[in-house]
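Me: I am new to this structure and should be grateful for a close look at a single part of it. Please begin with that part and then set it in the context of the whole model.

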Amino acid sequence: MKKLLTTTVMAASLSALAMTGCSSTTSTGAVGVDRQQLLLVSNEQVLQLSAQSYAKTLQDAKARGLLDTNKAQLNRLKNISNRLVGQVGVYRPDAAKWPWEVHTIKSNELNAFVLPGGKIMFYSGIIDRLKLSDDEIAAIMGHEMSHALREHSRERLSRQYATQTGIGVAASIFGLSQGQAELANVAGDLGLSRPHSRTQEAEADQIGLELMARAGYNPQAAVTLWQKMQSASQGEPPQFLSTHPTSGNRIAQIQSLLPKVMPLYQKARR
Ligand SMILES: [Zn+2]
């Protein structure tokens with residue numbers, strides 16, 4: 001029976017591959033991201049898992065009295081998110097209509113994430129302990145939103161599916177098994193616990209810079225943000241860095257992109 005299911009899943013995977021092949025989730029924008037992506041798992045299935053995972057995170061935080069406790073901070077994040085969402089149409093018009101959401105968790109942790117479909121979460125620790133400016137918050141948020149726009153989690157799940165290593169994951173996604181444990185694993189794969197690849201990180205940096213510039217946030221703040229993140233990692237490494245592996249040349253790459261995005265920022269400020 002198990003063999004049969006596996007064979008069926010793989011056959012479905014191969015036919016999906018034959019039908020869809022590779023594509024790119026976003027337009028290239030000014031920074032020129034145009035890598036082709038393997039997308040076998042449907043976006044609807046990923047979004048359903050994302051919504052469940054986000055709802056559970058909110059529920060848990062609320063039960064512990066840690067959800068959105070600082071209204072001023074929440075409003076600050078919402079304003080920044082609204083301005084960035086106003087620019088996502090440059091990359092993909094459908095994303096302007098996504099049900100984007102922002103919440104905060106009161107926690108000392110240096111962390112933030114966005115789940116597929118635009119479900120944003122900031123830990124108060126990253127804002128308070130790094131004393132982030134609005135521009136620096138926009139740099140994190142723009143980076144995270146870019147992972148969602150590029151559907152990086154869906155891409156990673158598709159790759160596991162195609163290589164058969166994630167057959168259990170594939171089975172959960174395709175409704176063949178509904179175990180809670182597996183749902184938790186899949187939710188982890190959506191971006192909560194697994195690191196992004198270097199290629200995906202570079203893309204999120206590129207698109208994130210353009211988004212913030214177009215929204216009128218100074219892209220130079222992306223440099224100070226990563227500098228702060230680096231100094232913070234002298235002691236215990238921030239959670240954010242474990243899911244967003246950084247390389248020594250990240251800041252240099254961001255600096256090399258500034259001439260492309262600064263004119264967009266200056267235009268937005270006028
Ligand atoms: Zn990242």
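Reply: The account below begins with helix H10 and then moves outward to the rest of the chain. The model is a predicted one.

Helix H10 covers residues 221-232. At 1.5 Å a residue, its 12 residues should span 16 Å, and because the end C-alpha atoms are 16 Å apart, the model agrees with that expectation. Several residues of the helix are buried, namely Ala-221, Ala-222, Val-223, Leu-225, Trp-226 and Met-229. These buried residues pack against five other helices: H4 (124-129), H5 (134-149), H9 (198-214), H11 (239-243) and H12 (250-269).

Trp-226, one of the buried residues of H10, also takes part in an arrangement with a charged residue. Arg-250 lies over the face of Trp-226, at 3.9 Å from the ring centre. A second arrangement of this kind involves Tyr-217, where the charged end of Arg-83 sits over the ring, 3.9 Å from its centre. As for rings paired with rings, a search of the whole structure finds two aromatic pairs.

Tyr-217 also leads into the nonpolar interior. Leu-84 touches Tyr-217, and its other contacts, leaving aside residues up to four places away in sequence, are Ala-138, Met-141, Gly-142, Met-145, Leu-211, Met-212 and Ala-215. The largest nonpolar core has 52 residues, and those touching the most other members are Leu-84, Trp-100, Phe-122, Ile-126, Met-141, Met-145 and Leu-149. Another core lies apart from it, with nine residues, including Leu-58, Leu-67, Leu-115 and Tyr-123. In soluble globular proteins, nonpolar side chains tend to be buried together.

Met-141 is also touched by Ser-81, which contacts Val-102 and Ile-120 as well, when residues up to four places away in sequence are not counted. Ser-81 lies in helix H3. Its relative accessibility is 3%, and it therefore counts as buried.

Helix H5, one of the partners of H10, has a residue with positive phi in the loop on either side. Lys-131 lies in the loop between H4 and H5. Its phi is positive, about 45 degrees, although Lys-131 is not a glycine. This residue is exposed, with a relative accessible area of 66%. Glu-151 is found in the loop between H5 and helix H6 (152-162). Here too phi is positive in a residue other than glycine, near 50 degrees. Glu-151, however, is buried, at a relative accessible area of 9%.

Helix H6 holds Arg-154. With 14% relative accessibility, Arg-154 counts as buried. Apart from residues up to four places away in sequence, Arg-154 touches Leu-39, Val-41, Ser-42, Asn-43 and Val-46. Its C-alpha atom is separated by 9.2 Å from that of Leu-47, although the two residues are 107 residues apart along the chain.

Asn-43 and Val-46 bring the description to helix H2, where both are buried, together with Leu-49, Ser-50, Ser-53, Tyr-54, Thr-57, Leu-58 and Ala-61. Helix H2 covers residues 43-63, and at 1.5 Å a residue its 21 residues should span 30 Å; the end C-alpha atoms are 30 Å apart, which agrees. Just after H2, Gly-65 takes a positive phi of about 70 degrees. Leu-58 of this helix is also among the members of the nine-residue core.

The wider setting is as follows. The protein has 12 helices and five strands. Of its 270 residues, 51% are buried. Among contacts with a separation of 6 or more, 74% are between residues 24 or more positions apart.

Finally, the confidence of the prediction should be considered. The protein averages a pLDDT of 81, and 76% of the residues score at least 70. Confidence is highest in helix H3 (residues 71-85), at a mean of 98, and lowest in helix H1 (residues 2-20), at 43. Over residues 1-20, pLDDT stays under 50, and the model has 19 contacts beyond four places in sequence for them. Residues 176-181 also stay under 50, with seven such contacts in the model. Where pLDDT is low, the predicted coordinates should not be read in detail.

Key. Residues are numbered from 1 along each chain as its sequence is written. This is a predicted model: local features need pLDDT of at least 70, side-chain atom pairs count only at pLDDT 80 or more; totals for chains, interfaces and linings use all residues. Side-chain values use heavy atoms; hydrogens and water are left out. Helices (H or I, at least four residues) and strands (E, at least two) are DSSP runs, numbered from the N terminus. The expected span of a helix is 1.5 Å times one less than its number of residues. Buried means under 20% relative accessible area, exposed over 50%, partly exposed in between (1.4 Å probe, protein chains only). Contact means heavy atoms within 4.5 Å. Rings of Phe, Tyr and Trp (its six-membered ring) pair if their centres lie within 6.5 Å; planes under 30 degrees apart count as stacked, over 60 as edge-to-face and the rest as tilted. A charge sits over a ring if NZ of Lys or CZ of Arg is within 6 Å of the ring centre and within 35 degrees of the ring normal. A nonpolar core is a set of buried Ala, Val, Leu, Ile, Met, Phe, Trp, Tyr and Cys residues joined through side-chain atoms within 4.5 Å. pLDDT is the predictor's confidence in each residue, from 0 to 100.
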